[in-house]
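Hi everyone, thanks for making time for this. Let me bring the model up on the screen, and then we can walk through it together.

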Amino acid sequence: MFGTLPSPCGPGSATGATDQGVTNTAIHIAYGDDRGFAAQPGLDKEMGDAVKAMIKWCNDQGGILGRQVVGDYYDAAITQVNSVMQQACKTDFMLVGEGFATALSAAWGKPALGIHHLEGHLLAPLLEPRSPAFPFLALLVSGGHTQLVDVEALGRYRILGETLDDAAGEAFDKTAKLLGLPYPGGAALASLAERGRSGEFVFPRPMLDRPGLDFSFSGLKTAALVALRGRELSDSVRADVARGFEEAVIETLAEKCRRALQQTGHRRLVVAGGVGANRRLRERLATIVRDSNAELYFPRAEFCTDNGAMIALAGCMRLAAGMRGGMGMSAQANWELESLHG
Ligand code: ATP
Ligand code: FE
């Protein structure tokens, strides 16, 4: 839930982002995200693209990421943090991370910013070469959230609608479990659905019969459970249920996006969060924006799910805008997105 910016990033900062520098920076950036800690062993490979994209963004803004010398102190700290992370619960992750980031910040004399995790998701499409300008409408569909957000500018977010119960990703994961798929099951359910037939199972489109921009997905899991009851769980039945479930979620998300575009007059729709990696969702949203005379933006799949680059990007953008983050460096498990101004 926080970001660190141990490397210089902004106008007038040091130059020299060599390949070695990229690798080192990857460590810093990954450590800005709570899962970044866990991802450390495979870091270079996993984070390479993310880091390069963020460096490009910084360069485009006129700042250049500097090369950091990573000393024995840093390696020792990483080893220690990794061992703590093996046993930590989520709140502990945040506290350990906060302490680690604060220590690095003090040691290197660099700013450390608290970054809201959802702000990272919302800004992730800006990591791409074709990125949206402010303002835009965002559909944030992740494991814990389903929100339509009016993004007026950096730090200015208004929630237009959100789920009243399960998040879309949560519904994917629960239904995937019913279908015998391992957690998190969203991507696996989507690939199972590729083999399924459309129309064999038709599930409800929750909340479409009501005005407004809220969502509800908990009933879909129950509908899938009822559909499967008493049936032999053959591959074709599982695939057909997956297809019917996916279509219901996508149709609901797409229709609410259409309404939100109409209501706000926005001409740019951004899709972010893990479910944003769903191919059929992207295709369906592409038709919605075409009909609404708008444009669609999304991050590549690996920037849809949690990643360190999106947190680092949000930190870079805040620094470049002269913002110091809304809360300094104290970890918060519950933090209102709408309270983030400058
Ligand atoms: P939050 O950001 O709300 O705290 P999170 O960080 O756990 O939640 P993300 O990492 O953004 O969520 O996304 C993970 C979710 O995305 C999981 O529920 C996963 O099943 C889902 N997901 C990933 N790929 C796909 C896909 N192709 N289709 C549908 N769902 C997917
Ligand atoms: Fe997330």
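Let me start with a question: is L189 buried or exposed? L189 counts as buried, because it has 28 C-beta neighbours inside 10 Å. For the cut-offs, a residue is buried if 20 or more other C-beta atoms lie within 10 Å of its own, exposed if 12 or fewer, and partly exposed in between, with C-beta atoms placed from the backbone.

Before going on, two notes on conventions. This is a predicted model, in which local features need pLDDT of at least 70, side-chain atom pairs count only at pLDDT 80 or more, and totals for chains, interfaces and linings use all residues. Residues are numbered from 1 along each chain as its sequence is written, while chains are lettered from A and ligands numbered from 1 in the order in which they are written.

Now the overall picture. The protein has 13 helices and seven strands; these are DSSP runs numbered from the N terminus, H or I with at least four residues for helices and E with at least two for strands. Of its 342 residues, 48% count as buried. Two residues are in contact if their C-beta atoms, placed from the backbone, lie within 7 Å. Among contacts with a separation of 6 or more, 75% come from residues 24 or more positions apart.

Back to L189, which is found in helix α8. Its C-alpha atom is separated by 5.6 Å from that of A176, and the two residues are 13 apart along the chain. Setting aside neighbours within four places in sequence, L189 is in contact with F172, T175, A176, L179, L181, A242 and E246.

That brings us to α7, which covers residues 168-178. How many of the 11 residues of α7 are buried? Nine are, so the helix is mostly covered. Among the buried ones are F172, T175 and A176, which we just met as contacts of L189. The buried residues of α7 pack against β3, β4, α8, α9 and α10. Just after α7, G180 takes a positive phi of about 80 degrees.

Helix α9, residues 218-228, makes a nice companion: L220, K221 and A224 are buried there. They lie on the same side of α9, because they cover an arc of only 100 degrees around the axis, taken from the directions from the helix axis to the C-beta atoms. As a reminder, an α-helix has 3.6 residues a turn, so residues three or four places apart point the same way. The cover over the buried residues of α9 includes α7 and α10. Just after α9, G230 has a positive phi of about 75 degrees.

As for α10, it has 30 residues and reaches 43 Å from its first C-alpha to its last, close to the 44 Å expected at 1.5 Å a residue. That expected span is 1.5 Å times one less than the number of residues. G265 follows α10, and its phi is positive, near 75 degrees.

Next, the backbone oddities. Most residues other than glycine have a negative phi, and most peptide bonds are trans. M207, in the loop between α8 and α9, has a positive phi of about 70 degrees although it is not a glycine. N293, in the loop between α11 and β7, also has a positive phi, near 60 degrees. Which of the two is buried, and which is exposed? M207 is buried, with 20 other C-beta atoms within 10 Å, whereas N293 is exposed, with 8. There are cis peptide bonds too: F134 to P135, with omega near -5 degrees, and Y183 to P184, with omega near -10 degrees. P135 lies in the loop between α6 and β3, and P184 in the loop between α7 and α8.

Finally, the ligand. Where does ligand 1 sit relative to the domains? Its shell draws at least three residues from each of domain 1 (3-121 + 306-339) and domain 2 (130-298), with bounds from an automatic or database domain assignment. In total, 21 residues surround ligand 1, and the closest are G143, G144, G169, G186 and G274; a residue counts as near if its C-beta atom, placed from the backbone, lies within 6 Å. The elements giving two or more residues to this shell are α6, α7 and α8.
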